[in-house]
Amino acid sequence: LIGGIVYLRFVVTPEGRVRNCVVTRSSGNRALDSTTCRLLEQRLRYRPARDVDGRPVPQTISGEHIWEAL
C-alpha cells in the first residue's frame, strides 16, 4: 500500500470546478502525485469565490492532500 503527502496548487473556476492542478512538492511517488490531481479535477466541486459584487470568480488554492496507507 502507498501513502504520502502531495503538495499542490490548482484553480477553482467560477463554476466551482478544479482546473490546472500542479504538484508543487512530490510525495516521492509519481503515480500518487498524478492520481491526486486527476481525481481532484474529476471529482471535487467547490463553492466559488465571489467578487465584491457577488459574481463568481476564479481562485487559486494551494494545499496538501494526505494519502494514508491502510
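## A tour from Asp33 outward

Begin by selecting Asp33, which in this predicted model sits in helix α1, the element that covers residues 30-43. With the side chain of Asp33 displayed, a reader may ask whether Asp33 is buried or exposed. Asp33 is buried, and although it carries a charge it has no salt bridge; Arg30, the nearest side chain of opposite charge, stands 7.1 Å away. A salt bridge would need a side-chain nitrogen of Lys or Arg within 4 Å of a carboxyl oxygen of Asp or Glu.

Add Ser27 to the selection next, and look at the two side chains together, since those of Ser27 and Asp33 are joined by a polar contact of 2.8 Å. To see what else surrounds this residue, leave out the neighbours within four places in sequence and show the residues in contact with Asp33, namely Val6, Val23, Ser26, Ser27 and Gly28.

From there, move to Asn20, whose place is in strand β2, residues 18-25. What is the sign of phi in Asn20, a residue other than glycine? The value is positive, near 55°. Most residues other than glycine have a negative phi. In a surface view, Asn20 can be found as an exposed residue, with a relative accessible area of 57%.

The next stop is Ser62, which belongs to strand β5, the stretch from residue 59 to residue 67. Ser62 counts as exposed because its relative accessible area is 58%, and exposed means over 50%. Now select Leu8 as well, and draw a distance from C-alpha to C-alpha: Ser62 and Leu8 are 54 residues apart in sequence, yet 5.8 Å apart in space. Once neighbours within four places in sequence are set aside, Ser62 is in contact with Leu8 and Arg9.

Finally, clear the selection and show the whole protein chain as a cartoon, where 1 helix and 5 strands can be followed in the order β-β-α-β-β-β from the N terminus on. The C-alpha trace spans about 45 × 20 × 15 Å along its principal axes, and of the 70 residues in the chain, 23% are buried. Among contacts between residues at least 6 apart in sequence, 57% join residues at least 24 apart.

If you then switch to a surface, about 5,000 Å² is exposed, with carbon and sulfur atoms supplying 50% of it. Colouring by charge brings out 11 positive and 7 negative side chains, two sets whose centres lie 5 Å apart.

Note on methods
Residues are numbered from 1 along each chain as its sequence is written. This is a predicted model: local features need pLDDT of at least 70, side-chain atom pairs count only at pLDDT 80 or more; totals for chains, interfaces and linings use all residues. Side-chain values use heavy atoms; hydrogens and water are left out. Helices (H or I, at least four residues) and strands (E, at least two) are DSSP runs, numbered from the N terminus. Buried means under 20% relative accessible area, exposed over 50%, partly exposed in between (1.4 Å probe, protein chains only). Contact means heavy atoms within 4.5 Å. Accessible areas come from the Shrake-Rupley method with a 1.4 Å probe; for residues, only the protein chains shown count as cover. Lys and Arg count as positive and Asp and Glu as negative; His and the chain ends are not counted. The place of a charge is taken as NZ of Lys, CZ of Arg, CG of Asp or CD of Glu. A polar contact is a pair of N or O atoms within 3.5 Å; within protein, one must be able to donate a hydrogen and the other to accept it, and residues adjacent in sequence count only if both atoms are side-chain atoms.
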